[in-house]
Amino acid sequence: MGLIEPDDRLRGELSRALRERGFEVAFEVGDPVGGIEGSRRRRLDLVVVGVPLPAASASEVLHCLWSSSPRALTVVHNQGPVPVDPAMPQIADAYVPSWHRPVEMAEAVAELRREHYHAASFVFADTVGAAGQARVHLRALARRWGRLPAAVEAEVVLSELVTNAFRHGAAPI
């Protein structure tokens with residue numbers, strides 16, 4: 001992930017809090033140009049941007065970030081209780097007011113990431129019932145992640161993948 005925060009003290013505290021929560025901070029900079037350059041050099045999955053930024057609007061920075069890291073989740077936070085740009089909460093993937101302490105902000109970013117990115121892996125015994133076991137696990141995860149409506153289509157795909165893995169692959173599956 002990348003961290004663009006103009007306030008040196010807040011950038012350091014937020015970076016430390018994010019690392020403590022398991023985030024790999026690939027770069028942390030105080031200016032938008034450095035943030036855009038940092039995102040161009042890396043394939044980021046998450047960028048946290050603090051506003052107001054010197055010498056650029058946050059919406060301009062976000063558009064540049066999206067062009068260099070189109071799959072990155074962008075989280076914007078500001079230095080006060082109201083956004084600098086009234087449209088900012090709609091432009092960014094997520095908006096977190098900075099009046100929270102850095103630890104609370106890091107928790108909010110971690111929660112936002114969990115809401116946007118879900119992944120799981122399983123190892124099944126080489127049995128006929130493996131596809132059924134996979135569907136049960138999928139439904140449980142979809143329920144826990146609040147994505148139960150999407151589980152029906154996902155179950156069809158998962159059943160096909162597990163069946164093909166057993167038919168054409170080798171254990172463990």
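On helix 7, the face turned away from the buried side carries the exposed residues Glu-153, Val-156, Val-157, Leu-161, Arg-167 and His-168. The model is a predicted one, and this helix is a convenient place to start reading it. The buried residues of helix 7 are Ala-151, Glu-155, Ser-159 and Val-162. Viewed down the helix axis, these buried residues fall within an arc of 85°, so they line one face of the helix. Helix 7 has 18 residues, and the distance from its first C-alpha to its last is 25 Å, close to the 26 Å expected at 1.5 Å a residue.

Ser-159 can be taken as an example from the buried face. This residue lies in helix 7, which runs over residues 151-168. Its relative accessibility is 15%, and Ser-159 therefore counts as buried, the limit being under 20%. Apart from neighbours within four places in sequence, Ser-159 is in contact with Ala-131 and Arg-135. Ala-130 is 29 residues away from Ser-159 in sequence, while their C-alpha atoms are 8.8 Å apart in space.

The chain as a whole has seven helices and five strands. Along the sequence they follow the pattern β-α-β-α-β-α-β-α-β-α-α-α. Of contacts between residues at least 6 apart in sequence, 60% join residues at least 24 apart. Buried residues account for 38% of the 173 residues in the chain. The accessible surface comes to about 9800 Å², and carbon and sulfur atoms hold 56% of this area.

The interior can be described through its nonpolar cores. In soluble globular proteins, nonpolar side chains tend to be buried together. The largest nonpolar core here has 18 residues, and Leu-18 and Val-75 are those with the most contacts inside it. At least two residues each come from helix 1 (8-20), strand 3 (46-51), strand 4 (73-78), strand 5 (94-97) and helix 5 (102-116). Helix 5 gives the most, with five residues. For Val-75, leaving aside neighbours within four places in sequence, the contacts are Leu-46, Val-47, Val-48, Val-49, Ala-94, Val-96, Val-109 and Leu-112. A second core, separate from this one, has 15 residues, among them Val-29, Val-47, Ala-58 and Leu-65.

Helix 1, one of the contributors to the largest core, also has a buried side and an exposed side. Its buried residues are Leu-10, Arg-11, Leu-14, Ser-15, Ala-17 and Leu-18. Around the axis they cover an arc of only 165°, which puts them on the same side of helix 1. Asp-8, Arg-9 and Glu-20 are exposed on the other side. The elements covering the buried residues of helix 1 include strand 1 (2-4), strand 2 (27-29), strand 3, strand 4 and helix 5.

Helix 1 has 13 residues and reaches 18 Å from its first C-alpha to its last, close to the 18 Å expected at 1.5 Å a residue. At the N-terminal end of helix 1, Asp-7 acts as a cap, with a side-chain oxygen 3.1 Å from the backbone nitrogen of Arg-9. After helix 1 comes Gly-22, which has a positive phi, near 90°.

How values were computed
Residues numbered from 1 in each chain as written. Predicted model: local features only at pLDDT ≥ 70, side-chain atom pairs only at ≥ 80, totals over all residues. Heavy atoms only, no water. Helix = DSSP H or I, 4+ residues; strand = E, 2+ residues; numbered from the N terminus. Buried < 20%, exposed > 50% of the residue type's maximum accessible area, 1.4 Å probe, protein only. Contact = heavy atoms within 4.5 Å. Areas by Shrake-Rupley, 256 points an atom, 1.4 Å probe, with all protein chains shown as cover. Core = buried A, V, L, I, M, F, W, Y, C linked by side-chain atoms within 4.5 Å. Expected span 1.5 Å × (residues − 1). Arc of directions from axis to C-beta. Polar contact = N/O pair within 3.5 Å; in protein donor to acceptor, adjacent residues only side chain to side chain.
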